[in-house]
Amino acid sequence: MQYRSFGKLGWQVSSIGVGTWALGSNWGPQDDQESVAALNKALDLGSNFIDTARAYGNGRSERIVAQALKSRQRDKVYVASKIPPQLPGDWPPGPYDSIEDRFPAKHVQAELEASLRDLQTDCIDLMQVHTWSRAWNSNPSVFELMARFRQQGKIRAVGVSTPEHDQYAVLDLMRDGLVDSVQVIYNIFDQDAAMQMFPLAEQLGIAIIVRVPFDESSLTGKLTLATQFPEGDIRGNYFAGDRLARTVARVDSLQHLIGTRAPNMAHAALQFALQPTAVSTVIPGIRSVRQAELNCAVSDQPPMSADLAADLRQRYWRRPFWYAGK
Ligand SMILES: NC(=O)c1ccc[n+]([C@@H]2O[C@H](COP(=O)([O-])OP(=O)(O)OC[C@H]3O[C@@H](n4cnc5c(N)ncnc54)[C@H](OP(=O)(O)O)[C@@H]3O)[C@@H](O)[C@H]2O)c1
């Protein structure tokens, strides 16, 4: 496993970390024992960065992380969790949402305490604000609370996770010195973070955590026109309508482009996400021991060739309505 610096914090984190959304909720049935085994395998293989959140099954994912860490030296693993906006309400936040309604102090305090309890710790390495709105940049009050939690020794560092539809909404937080890390989507299809986020993060010494490196699994090459997702699997929405067919066609074309230049599609997807020097860790979601093995193995492989990287940089995909996703 290779390690990289995490912003200015002096942490050395594994280039392949662990995403745990599917271990908590929204991805259909998931066996807790398999989840704990998958986490243990990733840790045995040198992964030392785990991303979780209150919202992943109302603490279920955090409790599974705690279970996996039970017999381990806690200070050898960096655990990142997230405080969700108060519900009910849109996610990501709507244009008229106020920060007082979505991140009121009482809610934020209660969520932090719940995270500490479910993770069975008295200090969380990194606490992230789970989503953000540009409307709050002039009054980012939740970060005052986060600074207080840090002073109280309840968290060691502060981060933010970008809203999917407007990742650049967090730029002011970076410039204003309010965050140690930013969690972003960056993969072969969605490359927007390369425009300004990565250079700014490097300039300011802010760690970048790359999420969704597989585009919610399409970039593993496993989806086909016949794929059906189980009840409760978020991918039923994400790939709804003609999106599955359009995605599969794109991935097929990528497979041809990659050919023998990478061992397989999933490998290429992770290598692509690891490319930018601003990236501290890539956190593919894992659901099984096998996926932990496959994903961790990529860290020690030689980087992708410059040729292939250049070809893949041309394959970004603007999916919103205006471009008709074609
Ligand atoms: N707003 C936010 O802050 C936010 C949003 C999304 C994600 N995240 C974080 O980022 C992490 C990663 O994103 P993600 O889990 O949504 O999506 P992802 O990493 O793009 O895809 C993960 C899924 O791909 C499949 N997979 C993993 N490794 C594989 C392999 N080697 N071969 C074939 N299939 C494989 C698994 O699903 P199957 O086995 O079921 O196919 C897994 O759940 C999350 O777990 C979470 O920690 C944060």
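What follows walks through the fold, the core, the ligand shell and a few backbone oddities of this predicted model.

Starting with the overall build, the protein has 13 helices and 10 strands. Its radius of gyration comes out at 19 Å, close to the 20 Å that the globule rule gives for 326 residues, so the chain is as compact as a globular protein of that length. Laid along the principal axes, the C-alpha atoms fill a box of roughly 55 × 45 × 40 Å. Burial fits into this picture too: 47% of the 326 residues count as buried. As for contacts with a separation of 6 or more, 77% of them are made by residues 24 or more positions apart.

Now for the sheet. It is an open one, built from 8 strands in the order β3-β4-β5-β6-β7-β8-β9-β10, and the pairing is parallel. The edges are taken by β3 (18-19) and β10 (279-282), each of which pairs on one side only. As a general point, strands of a sheet pair through backbone hydrogen bonds, in either a parallel or an antiparallel way. Inside this sheet, β6 (residues 124-129) and β7 (residues 155-161) run parallel and are joined by 5 bridges. One can pick up the register from L126, whose bridge partner in β7 is A157.

Turning to the nonpolar interior, the general expectation is that nonpolar side chains in soluble globular proteins tend to be buried together. Here the largest nonpolar core has 92 residues, and those with the most contacts inside it are M127, V182, I208, V210, A269 and A273. Helix α11 (residues 265-274) puts in the largest share of this core, at 8 residues. A269 is worth a closer look: leaving aside residues up to four places away in sequence, A269 touches N187, I188, P213, F214, L219 and T220.

F214 turns up again at the ligand. The ligand is surrounded by 28 residues, and the closest are G19, S161, R211, F214 and G285. Two elements give two or more residues to this shell, namely α1 (21-24) and α12 (289-297). Of the elements, α12 gives the most, with 3 residues. Sorted by class, the shell holds 11 nonpolar, 11 polar and 6 charged residues.

Finally, the backbone has some features to flag. The loop between β5 (78-83) and α4 (99-102) holds P88, and the peptide bond from L87 to P88 is cis, with omega near 0°. P92 is found in the loop between β5 and α4 as well, and a cis peptide bond, with omega at about 0°, joins W91 to P92.

Positive phi values also show up in residues other than glycine. N58, with phi at about 50°, sits in the loop between β4 (49-51) and α3 (60-69). D215, with phi near 50°, belongs to the loop between β9 (207-211) and α9 (235-238). How do their surroundings look? N58 has 14 other C-beta atoms within 10 Å, so N58 counts as partly exposed. D215 has 21 C-beta neighbours inside 10 Å, and a residue needs 20 or more to be called buried, so D215 falls in the buried class.

Note on methods: Residues are numbered from 1 along each chain as its sequence is written. This is a predicted model: local features need pLDDT of at least 70, side-chain atom pairs count only at pLDDT 80 or more; totals for chains, interfaces and linings use all residues. A residue is near a molecule or strand if its C-beta atom, placed from the backbone, lies within 6 Å of it. Helices (H or I, at least four residues) and strands (E, at least two) are DSSP runs, numbered from the N terminus. Ala, Val, Leu, Ile, Met, Phe, Trp, Tyr, Cys and Pro count as nonpolar, Asp, Glu, Lys and Arg as charged, and the others, Gly among them, as polar. Two strands pair if DSSP finds at least two bridges between them. The radius of gyration is taken over C-alpha atoms; the globule rule is 2.2 Å times the number of residues to the power 0.38. A residue is buried if 20 or more other C-beta atoms lie within 10 Å of its own, exposed if 12 or fewer, and partly exposed in between; C-beta atoms are placed from the backbone. Two residues are in contact if their C-beta atoms, placed from the backbone, lie within 7 Å. A nonpolar core is a set of buried Ala, Val, Leu, Ile, Met, Phe, Trp, Tyr and Cys residues joined through C-beta atoms within 7 Å.
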